[in-house]
Amino acid sequence: MAVRRTITGFSNPLVKFLRSLRDKKHRRREKRFLAEGLRLLTDARECGKVPEILVMATGREPHPLLDAMEHAVERAGGDVVEMDLELLAKVTGKDNPQTVAGVFAEFDTSLSAIDRSRAPIWLVAQALRDPGNLGTMLRTGDAVGAGGLILLDDCVDPFSVEAVRASMGAIFTQQLATARWEDFITWLRAGKGQLVAASLRDSTDYRGAPYAAPCFLMVGNESQGLPAAYEDACDLRVTIPMLGRADSLNAAVAGAVLAYEALAHFRRH
C-alpha cells in the first residue's frame, strides 16, 4: 500500500513534474495529464479510471469521496501526496486551486479503439481551437448519451488543464479520438455510419432531417467552418436557422443543438 507523503518545497522533483504537465510538449512526452477537483476525479473513478498520483491540499475539509479516492489510488499502487494550497496553486496555475488534483495516464485516442455500434450519436469537431468549446462538446456528448468525440486535424489538446477542467468530468465518460481527415473518412466508410455536417451550403433544415444511427455530427473550426471538401464528403448537410444579425453559432453550441435534434429523432423512430 502506498504511503501518504508531504511535500513542502517548490524545488521538489515531483512539483516540477506536476507543473510540467501544464505544457503540451511535456504532456506528450510523459503521456500523462493533470485533472483538478474532487467531483471530476470521482467521475473518473466511477468510470474505472484512477489517478496514478493523487495530490491533496493540507488542511482541506474531510470528505467521504476523498477517502474513497485515496483508498482507490492506494489499491492501484499509486502515490498519495499532500502539499499546502500555495504550492498546489503553483502546480495548477490557478490562484484559487481545487484542494484535490490527480495525474492520469492519457487514453488510447486511436480510431481503432472506437466501437461505433456502442452509441447512436458521435460528435466530430474539425480544427477546434478553444479548450472551452472542446470541454463543452464532451459535456454535450455525455448529456445526450453520445459515444464520444472525434477530433480532426489540428485541434486544441484535449488533455490540457483548461480542456479537462471545461469538460467537468466528461473527458472520462466519453470516448475520445484524434485523427487526420483522410484517416477518419477512410475509417468511417469502412463500416456503418452517417456523416452529417453543420453547413450553410445546399443544406436541409436541421429539424426533421433524416438522421440515421450511428450518426456522426461534424462541426468545423470556430471562425472558418468546415472545408468544402469535407462537406462534400458528408451524407447529409444541415443548417440551423439564424434569425439575428450573426451568421453562425458557436461551434460547441451548434454541436449541442444538432445532437439534441438527432436524439429527439431517434427517440421518435
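1. Start with helix H5 (residues 85–92): its buried residues are covered by, among others, helix H1 (13–20), strand S2 (32–36), strand S3 (53–57), strand S4 (79–83), strand S5 (100–105) and helix H7 (161–167). Covering here goes by contact, meaning heavy atoms within 4.5 Å. Helices (H or I, at least four residues) and strands (E, at least two) are DSSP runs, numbered from the N terminus.

2. A word on the source: this is a predicted model, where local features need pLDDT of at least 70, side-chain atom pairs count only at pLDDT 80 or more, and totals for chains, interfaces and linings use all residues. Residues are numbered from 1 along each chain as its sequence is written, and side-chain values use heavy atoms, with hydrogens and water left out.

3. Which residues of H5 are buried (under 20% relative accessible area, 1.4 Å probe, protein chains only)? They are Leu87, Leu88, Ala89, Val91 and Thr92.

4. Now the ends of H5. Aspartate 84 caps the N-terminal end, with a side-chain oxygen 3.2 Å from the backbone nitrogen of glutamate 86. After the helix comes glycine 93, with a positive phi near 80 degrees.

5. H1 packs against H5 at about 40 degrees, the axes (lines fitted to C-alpha atoms over the stretch in contact) being 7 Å apart. The two are therefore oblique to each other, a label for angles that are neither under 35, over 145 nor 65 to 115 degrees. Val15, Leu18 and Arg19 of H1 meet Leu87, Lys90 and Val91 of H5.

Methods: Buried means under 20% relative accessible area, exposed over 50%, partly exposed in between (1.4 Å probe, protein chains only). A polar contact is a pair of N or O atoms within 3.5 Å; within protein, one must be able to donate a hydrogen and the other to accept it, and residues adjacent in sequence count only if both atoms are side-chain atoms. Axes are lines fitted to C-alpha atoms, for helices over the stretch in contact, and angles run from 0 to 180 degrees between N-to-C directions.
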